[in-house]
Amino acid sequence: MNQSYKYRFSWFDWFCLWYPPGWLILFNRHWQHYYTDPDGWRGLEYLLFLIPGGFYLAFLMRWLRLGCRSPRNDLAEFNPKYQEAFREEVLNPIVKYYFRAKLQRIENLPSTGPIIVAMNHAGMCFPWDFICLGYLLGEARGWRVQPLAGVSLFEHPWVVWWLPSQWSRVLGAVRANRNDFETAIAQGKTLLYAPEGLRGPLKGWSQRYQLQKFDISFMELSDRYQVPILPVLCIGNESLHPWTVNIKKLQKIFKLPFLPISPLIIVLIIFPSMGVWAMRTQLNYFIQPLETIKPVQKRKAIYEQAQQLRKKLQMQIKNLRFNFRNGSLSRKQYE
């Protein structure tokens, strides 16, 4: 990081925060305040993001400026100072006033880590449910929370062009593969994990409240390193990108983790910079009691424990929705 003073919002930044195609501008401008980025987006290119179809012209201008090549994808490491700066200067208004995210049942939140925070993942969009939870946990306990993220958030060509080089890694994301996951656990890090994997967002709108089959890696590592699991249920993330279905054939053609088709798709085609945006909703995180794993030797027994936890959390989701419909859980608490 090469700046000794904080990033301060200008009128243009506030406009970008209000205008959905501008979110990508805000993320890149903030990065360029702290890091030298000769391959990054520039002034006129930013302005083109804001007009219908302008992103494509901006992309062409940048591609020509870089000598008809992709941006450099340099190696980088997690930078806690930049994570803190991004949290305070960019995420704060988004989390608190756009998504209105809140922790519920905070009495279940342990005072110290490390832990594996296991959360239901939905929305079929940029992972705002993870980002907001990481922010809130850091605010509540001062933790440096690092999410496990799909490989596409690190190296997919669309992400390489959209966001700064290694942006996800610098902000603390850990690649969602077994080796990186285990290394992070062994180092005593507090991690955010989606037990459903990509099956979570892939389930789409029709099954938005149905937890999919849990992977077992988090339970195996929890047992091996004696790290407790903190289940968290997010209510509201299903509305980050509503009414979606996944088109598997197109998904494979474009080599994407998912390709959501919804009424918003026309807007996203006209304004591709909105790929990091999501619909305004209210994210409530219901913290569950810590789970400890029974030591077992056989993989089948661990799998059964994982599915038992899934069924337990599915019942909690059902109860939350039932209580809300019947008035025993107030709208203010639920939303």
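In this predicted model, the axes of helix α5, which spans residues 80-98, and helix α6, which spans residues 128-141, come within 10 Å and cross at roughly 110 degrees. Angles of 65 to 115 degrees count as roughly perpendicular, and α5 and α6 are therefore roughly perpendicular to each other. The crossing in which α5 passes α6 is left-handed.

The residues that bring these two helices together can be picked out in the structure above. On the α5 side they are Arg 87, Leu 91, Asn 92, Ile 94, Val 95 and Lys 96. Their partners in α6 are Trp 128, Ile 131, Cys 132, Gly 134, Tyr 135, Leu 136, Gly 138 and Glu 139. Sorted by class, the contact of α5 with α6 is made up of eight nonpolar, three polar and three charged residues.

A second helix pair is found at α1 and α2. Helix α1 covers residues 11-18 and helix α2 covers residues 23-34; their axes come within 7 Å and cross at roughly 140 degrees. That angle makes α1 oblique to α2. Here Phe 12, Asp 13, Cys 16 and Leu 17 of α1 meet Trp 23, Ile 25, Leu 26 and Arg 29 of α2. The contact of α1 with α2 holds six nonpolar and two charged residues, with no polar ones.

Attention now turns from helices to strands. Seven strands form an open sheet with mixed pairing, and a reader following the sheet across will meet them in the order β1-β9-β6-β2-β5-β3-β4. At its edges lie β1 (102-104) and β4 (174-175), each of which pairs on one side only. Within the sheet, strand β2 (residues 116-119) and strand β6 (residues 229-235) run parallel and are joined by four bridges. A handy landmark for this pair is Val 117, which stands opposite Leu 230 in β6.

Finally, it helps to place these elements in the chain as a whole. The domain assignment divides the chain into domain 1, residues 11-66, and domain 2, residues 80-326. Helices α1 (residues 11-18) and α2 (residues 23-34) thus fall within the bounds of domain 1 (11-66), while helices α5 (residues 80-98) and α6 (residues 128-141) fall within those of domain 2 (80-326). Between the C-alpha centres of domain 1 and domain 2 there is a distance of 27 Å. The two domains also touch: 26 residues of domain 1 are in contact with 26 residues of domain 2.

Definitions and conventions
Residues numbered from 1 in each chain as written. Predicted model: local features only at pLDDT ≥ 70, side-chain atom pairs only at ≥ 80, totals over all residues. Heavy atoms only, no water. Axes fitted to C-alpha atoms, helices over the stretch in contact; angles between N-to-C directions. Parallel < 35°, antiparallel > 145°, perpendicular 65-115°, else oblique. Left-handed = near helix turned anticlockwise from the far one by under 90°. Contact = heavy atoms within 4.5 Å. Nonpolar A, V, L, I, M, F, W, Y, C, P; charged D, E, K, R; others polar. Pairing = 2+ DSSP bridges. Domains from an automatic or database assignment.
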